[in-house]
Amino acid sequence: MTIKLNGRSVKLPTGVNTVKDLLDHYNLENRIVIVELNKQITEKNQYTSLFLSDGDMVEMIHFVGGG
Amino acid sequence: MTNRYSRQELFQPIGKEGQVKLKKARILIVGAGALGTASAEMLARAGVGSLMIVDRDYVEWSNLQRQQLYTEKDARNKLPKAIAAKQRIQAVNSEISVDSLVADVNGLNIDELVKDKTLIIDAVDNFETRLIVNDAAVKHRIPFLFGACVASYGLTFSVIPGQTPCLHCLVNHLPAQNATCETVGVISPIVQIVAAFQVTSALKLINGHEVPPMLQSIDIWENDRAEINAGSLRNPLCPTCGTDATFPYLSYENQTRTDVLCGRNTVQLRPGLGRTLPPLEQLSEQLKGRAKDMIQNPYLLSCSFEEYRIVFFKDGRTLIHGTNEPAKARIIYDRIVG
């Protein structure tokens with residue numbers, strides 16, 4: 001499936017079906033991250049149950065500590 | 001004579017009136033590393049009337065690649081960043097007031113630092129200190145402009161107490177040390193971008209313009225950017241900005257005495273209540289014959305001891321380079337200081 005991730009079209013590999021899969025795919029599973037799915041911020045406890053669909057708009061921002 | 005701020009005053013959203021507001025503004029910059037030096041220079045040139053810069057570290061060669069206020073001379077002399085930054089900023093704009101403090105920001109001294117400030121710029125390098133500053137900002141109802149970066153990636157958010165979520169709402173807990181550890185380096189363009197966002201928000205807030213609760217991120221190398229309206233993340237039960245706020249990080253600091261400086265193989269020791277470091281002069285006498293490569297300036301004493309490099313600061317802190325084990329650092333400290 002193809003989603004819009006941070007404004008860009010991204011074709012996801014098979015097996016990436018949920019928000020949790022997406023975070024794993026980008027190695028962000030252990031990071032503090034805020035995910036917006038179709039303009040709605042997702043709760044952490046929904047990551048495994050929220051399935052992505054073709055054409056979804058996802059914005060993903062992770063926190064870093066440097067400065 | 002042309003006014004030094006003429007180009008900024010011609011910019012309509014600021015104007016002559018805005019320039020007067022900037023002159024009256026008092027800004028605290030927490031941290032004088034990459035983000036802090038970039039913000040400080042822009043704010044000083046913009047004519048912000050009063051800047052306070054606080055930093056715990058000293059200038060090293062590896063800083064010069066991106067920390068724009070420092071020179072090779074500062075690195076050679078191991079000048080504390082707060083001192084070197086103040087000197088350079090004052091040379092850039094002698095018409096403003098610049099104060100600086102060589103200290104570790106913690107739950108005990110932050111109240112005094114934020115008091116009476118117009119806003120606070122975040123330029124620290126770790127989450128623990130950020131959450132301490134966030135607590136104090138919310139407690140005193142002062143806008144706190146969060147910014148962070150690593151590698152080619154950075155993000156910003158403006159915390160406006162009473163209006164937006166605070167940093168504690170957004171991150172929810174202190175991340176594990178390894179998640180904040182900087183081992184992947186950083187390039188200067190992302191520093192400039194993050195600082196530019198922070199300073200723009202500062203200029204807007206001082207001039208009474210609205211700053212929306214947007215969490216923004218950019219990866220300058222990948223040319224990737226994201227933006228999330230985080231307004232809905234304001235948590236009514238947040239221990240920092242909720243209805244029954246306890247400001248947990250202001251007391252949290254009481255418990256910690258050693259910090260591992262991530263990615264630097266360094267431990268910082270802070271003397272607990274009731275224990276102080278002898279004056280640097282006395283310490284340098286005491287170390288003669290036992291320590292090598294001693295460098296002393298009015299702010300710190302640096303020396304080599306066995307395979308470690310040790311830096312004692314006038315404010316009582318000690319950095320032990322060459323280990324990232326707090327227990328080992330304490331043993332070395334006790335051996336050398338006694």
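**Exercise 1. Find which residue stands opposite B:N297 in strand 12 of chain B, then place that pair in its sheet.**

*Step 1.* B:N297 has B:L300 of strand 12 of chain B standing opposite. Keep in mind that you are looking at a predicted model.

*Step 2.* Next, look at the two strands. Strand 11 of chain B and strand 12 (residues 300–305) of chain B run antiparallel and are joined by four bridges.

*Step 3.* Now widen the view to the sheet. This is an open sheet of six strands in chain B, ordered 9-10-14-13-12-11, and its pairing is antiparallel. Strand 9 (258–261) and strand 11 (292–297) of chain B are the edge strands, and each pairs on one side only. On average, neighbouring strands here are turned by 15° against each other, direction ignored.

**Exercise 2. Work out which strands stand at the edges of the eight-stranded sheet of chain B, and what that leaves on one side of each.**

*Step 1.* Write down the strand order. For this open sheet of chain B it reads 3-2-1-4-5-6-7-8, with mixed pairing.

*Step 2.* Read off the two ends. Strand 3 (97–102) and strand 8 (224–229) of chain B each have a single partner strand, so one side of each has no neighbour in the sheet.

*Step 3.* Check the pairing at both ends. Strand 2 (residues 50–55) of chain B pairs with strand 3 of chain B in the parallel sense over six bridges, and B:V54 has B:L101 of strand 3 as its bridge partner. Strand 7 (residues 214–219) of chain B pairs with strand 8 of chain B in the antiparallel sense, over six bridges. In that pair, B:I218 stands opposite B:R225 of strand 8.

*Step 4.* Look at the turn. Strands 7 and 8 of chain B form a hairpin with four residues between them, and B:N223 in the turn has a positive phi of about 55°.

**Exercise 3. Decide whether helix 3 of chain B is oblique or roughly parallel to helix 10 of chain B.**

*Step 1.* Two packed helices are described by the angle between their axes and the distance between the axes. Helix 3 (residues 34–46) and helix 10 (residues 188–206) of chain B pack at about 45°, with their axes 9 Å apart.

*Step 2.* Compare with the cut-off: angles under 35 degrees count as roughly parallel. The angle of about 45° therefore makes helix 3 of chain B oblique to helix 10 of chain B. The crossing of these two helices is right-handed.

*Step 3.* See who touches whom. Residues of helix 3 of chain B in the contact include B:L35, B:M42 and B:L43, while B:V191, B:V199 and B:L203 are among those of helix 10 of chain B. The contact residues divide into 13 nonpolar, three polar and no charged.

**Exercise 4. Repeat the reasoning for helix 3 of chain B with helix 5 of chain B: which orientation do they have?**

*Step 1.* Helix 3 of chain B packs with helix 5 (residues 81–92) of chain B at an angle of about 30°, and their axes are 9 Å apart.

*Step 2.* Use the cut-off again: this angle makes helix 3 of chain B roughly parallel to helix 5 of chain B. Their crossing is right-handed.

*Step 3.* List the contact. Helix 3 of chain B brings B:A40, B:E41, B:A44 and B:R45, and helix 5 of chain B brings B:R88, B:I89 and B:V92. These residues divide into four nonpolar, no polar and three charged.

**Exercise 5. State what pLDDT chain B averages, and how the model scores in ipTM and pTM.**

*Step 1.* Chain B averages a pLDDT of 91, and 93% of the residues score at least 70.

*Step 2.* The model has an ipTM of 0.95 and a pTM of 0.87.

*Step 3.* Where pLDDT is low, the predicted coordinates should not be read in detail.

Definitions and conventions
Residues numbered from 1 in each chain as written. Chains lettered and ligands numbered in written order. Predicted model: local features only at pLDDT ≥ 70, side-chain atom pairs only at ≥ 80, totals over all residues. Heavy atoms only, no water. Axes fitted to C-alpha atoms, helices over the stretch in contact; angles between N-to-C directions. Parallel < 35°, antiparallel > 145°, perpendicular 65-115°, else oblique. Left-handed = near helix turned anticlockwise from the far one by under 90°. Contact = heavy atoms within 4.5 Å. Nonpolar A, V, L, I, M, F, W, Y, C, P; charged D, E, K, R; others polar. pLDDT = per-residue confidence, 0-100. Pairing = 2+ DSSP bridges.
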